[in-house]
Amino acid sequence: MKGKRLNLWGWFWAIAAMLYFFIPMYGTLDFSLRMKKGVISLLAYETVLADPQFLASFRYSAIMGLITVTISVLIFVPTIYWIYLRLPKARPIVEIITILPFIIPVIVYVFGLIRTFSGPPFQLTLTPFKTDILITAGYIVLSMPYMFRAIDVGMRAIDVRTLTEAAQSLGSNSFQILFDVIFPNLRIAILSGALICFATVIGELILGDFLVRPALGPYMVLVGRSRAYEPAALAIISYTLTWICLGLIQFFSRGGSTQQQLTGR
Amino acid sequence: MAFLELSHIQKSFAGAVAVEDFNLSVAQGEFISFLGPSGCGKTTTLRMIAGFELPTSGQIMLSDNDLTYLPPNKRNVGMVFQSYALFPNMTVAENIGYGLKVAGKLKAEINQRVQEMLALIHLEEFGARYPARLSGGQQQRVALARALAFHPQVLLLDEPLSALDAKIRVELRHEIRRIQQQLGITTIYVTHDQEEALSLSDRIVVMSQGKIEQVGTPSEIYNFPSTEFVAKFVGQINLLPVQVIDAKKGVVRLGGQTMRAGQFGHLNGNSIRLAVRPEELNPGFVEGANNLTGKVEAITYLGSIIRISVDVEGYPIHLDVFNERKLKIPATGESYQLTFPIEACWLL
């Protein structure tokens, strides 16, 4: 009887949460389809997708996202691997550092970046290329909590130390261990981190806005100020992209269990 | 000159001594077991041979080459881990061939060696499988093949059977010995299981608290333990606190009952103990042997063996007898006479 009551409460809260999430979503979707008076149409989407500024800003953010993901993976995988192998006591400190982007407001961080890098000796705001370097570094920091956690969970699932020692005893050097053993066994963790990192960059507003780069976030705000239906269409497109990313994580995670094994000491 | 020589090896972790003055010479093709309880330094010593730990002092020589500070990937030493440590992203064949691939061998040579190894471990049909699709015993066989495939000079096994169930453990134990003898590879085997060490090894190194207690053949270790620790750790033993009556003849007394020890050195000090294995004791009285009388305390069934615990002068003595159908089992509290030959006991 008690279990049944708990079950009912569980359903109640699940449905309440879904309504809380889906009613505004449905409202946005419905509104985005009513650009043509009295008719349901995709006109708002057509207008957004036909806008060369949208495509340029989307392309820019997508490229930045890919660069951010690549550099993040190359930084975080060897770093976390090294922490697990040689500096396990440093892990809590690194973990705290990685959550700093959640503690320090992005606006404060951006002002810090501009103040530090707009003058010598590291002047990175003079040309678009240099600013792109700065914005990429900013994106890496902002996506750090997600990337760190994804790889950290992946590292925990495999016995990094024993696998490393096994590879060493077979004659592998550090480079071979990293690329033959560690990276392939972190495939799913890296993919999860990469997709969340990519979604973060695609939707990021403040860095793009204050460093005056043609990113998707500032474009969406700009459209929102001057138009009514297109921002709703953009919001739906943005959600869809995020869901595709989450769907891909789920899809690839399913195959992971077949290649995982316990290597506890 | 020994094939593998460990001289005055010392290892400390943050001031705590893990291994102390470890000296051992291993001949080529020999099977040596490091036996001891948890924390005795056996795995640390093995890891120093593998290169995963560096000795605080001392020297490790392998075939006249100084290995002491050589990185693990330059030592040509194969290692099998307790947790198998197979690479989950590689198939069985890829795992076995990985050492050869790293060494830059040709694909044809790798394939041929992988097939040889698969045949050696009787897993010819499993080359294309991933480790997660194998049982624990099969995974450990693959780990063994992987450690042997690249022709290492020494094979190290760190409690390789601990994670397996009892039946598989016995099967794989024979398999390891067969392969080791077939290939004639020098092997160091770490275990805390005395039965494993006794059944596998040419020689056993018994360790306690970072030090070697005794090195010897399984028979020497079991029948002639040199310290109380070895006597207690390997097999079951009765240790009786006795008083020396005649130091020259090895005559001792337990309460009001006298006995003679077969082996005894220079007897001095008060803490003399008479040691005798439970299987050396028999019920009854034999003229000219050591004979004791006590009361039956407990009867324990151990399958093929029945252990009778007898209280003699306030000390428990265990006696192992074969569980034969005709055996008359004494009742608890019953007066019981037991006997053992003089040469079956010794003083520690």
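**Figure 1. Chain A of the predicted model has 13 helices and 0 strands.** The model is a prediction. Along the sequence, the elements of chain A follow the pattern α-α-α-α-α-α-α-α-α-α-α-α-α. Taken along the principal axes, the box filled by the C-alpha atoms of chain A is roughly 70 × 70 × 30 Å. Chain A has 265 residues, and 33% of them are buried. Of the contacts in chain A with a separation of 6 or more, 76% are between residues 24 or more positions apart.

**Figure 2. Chain A touches chain B through 23 of its residues.** On the other side, 24 residues of chain B take part in these contacts. Helices α8 (160-169) and α9 (174-185) of chain A each give at least two residues to the side of chain A that touches chain B. The largest share of that side is from α8(A), with 6 residues. Sorted by class, the side of chain A that touches chain B consists of 6 nonpolar, 14 polar and 3 charged residues.

**Figure 3. A cis peptide bond links A:Pro120 to A:Pro121.** Omega of this bond is near 5°. A:Pro121 lies in the loop between α6 (106-117) and α7 (128-157) of chain A. Most peptide bonds are trans.

**Figure 4. Helices α2 and α3 of chain B cross at roughly 130°.** Helix α2(B) covers residues 92-102 and helix α3(B) residues 107-120, and their axes come within 9 Å. The angle is over 115° and not over 145°, so α2(B) and α3(B) are oblique to each other. The crossing of the two helices is right-handed. From α2(B), the contact is made by B:Ala93, B:Ile96, B:Gly97, B:Leu100 and B:Lys101. From α3(B), B:Glu109, B:Ile110, B:Arg113, B:Val114 and B:Met117 take part. By class, the residues of this contact are 6 nonpolar, 1 polar and 3 charged.

**Figure 5. Strand β6 of chain B has buried residues pointing both ways.** The strand covers residues 77-80. B:Val77 and B:Met79 point one way, B:Gly78 and B:Val80 point the other way, and all are buried. Strand β6(B) is joined by 4 bridges to strand β7 (residues 154-158) of chain B, and the two strands run parallel. One residue of β6(B), B:Val80, has B:Leu157 of β7(B) as its bridge partner.

**Figure 6. B:Gln209 has a positive phi in the loop between β9 and β10 of chain B.** Phi of B:Gln209 is near 50°, and the residue is not a glycine. Most residues other than glycine have a negative phi. The loop that holds B:Gln209 connects β9 (203-208) and β10 (211-216) of chain B. B:Gln209 has 15 C-beta neighbours inside 10 Å and therefore counts as partly exposed. The limits for this class are set by the burial cut-offs, with buried at 20 or more and exposed at 12 or fewer.

**Figure 7. B:Glu313 has a positive phi in the loop between β17 and β18 of chain B.** Phi of B:Glu313, a residue other than glycine, is near 55°. The flanking strands of this loop are β17 (305-312) and β18 (315-322) of chain B. B:Glu313 counts as partly exposed because 16 C-beta neighbours lie inside 10 Å.

Key: Residues are numbered from 1 along each chain as its sequence is written. Chains are lettered from A and ligands numbered from 1 in the order in which they are written. This is a predicted model: local features need pLDDT of at least 70, side-chain atom pairs count only at pLDDT 80 or more; totals for chains, interfaces and linings use all residues. Axes are lines fitted to C-alpha atoms, for helices over the stretch in contact, and angles run from 0 to 180 degrees between N-to-C directions. Angles under 35 degrees count as roughly parallel, over 145 as roughly antiparallel, 65 to 115 as roughly perpendicular and the rest as oblique. A crossing is left-handed if the near helix is turned anticlockwise from the far one by less than a right angle, and right-handed if clockwise. Two residues are in contact if their C-beta atoms, placed from the backbone, lie within 7 Å. Ala, Val, Leu, Ile, Met, Phe, Trp, Tyr, Cys and Pro count as nonpolar, Asp, Glu, Lys and Arg as charged, and the others, Gly among them, as polar. Two strands pair if DSSP finds at least two bridges between them.
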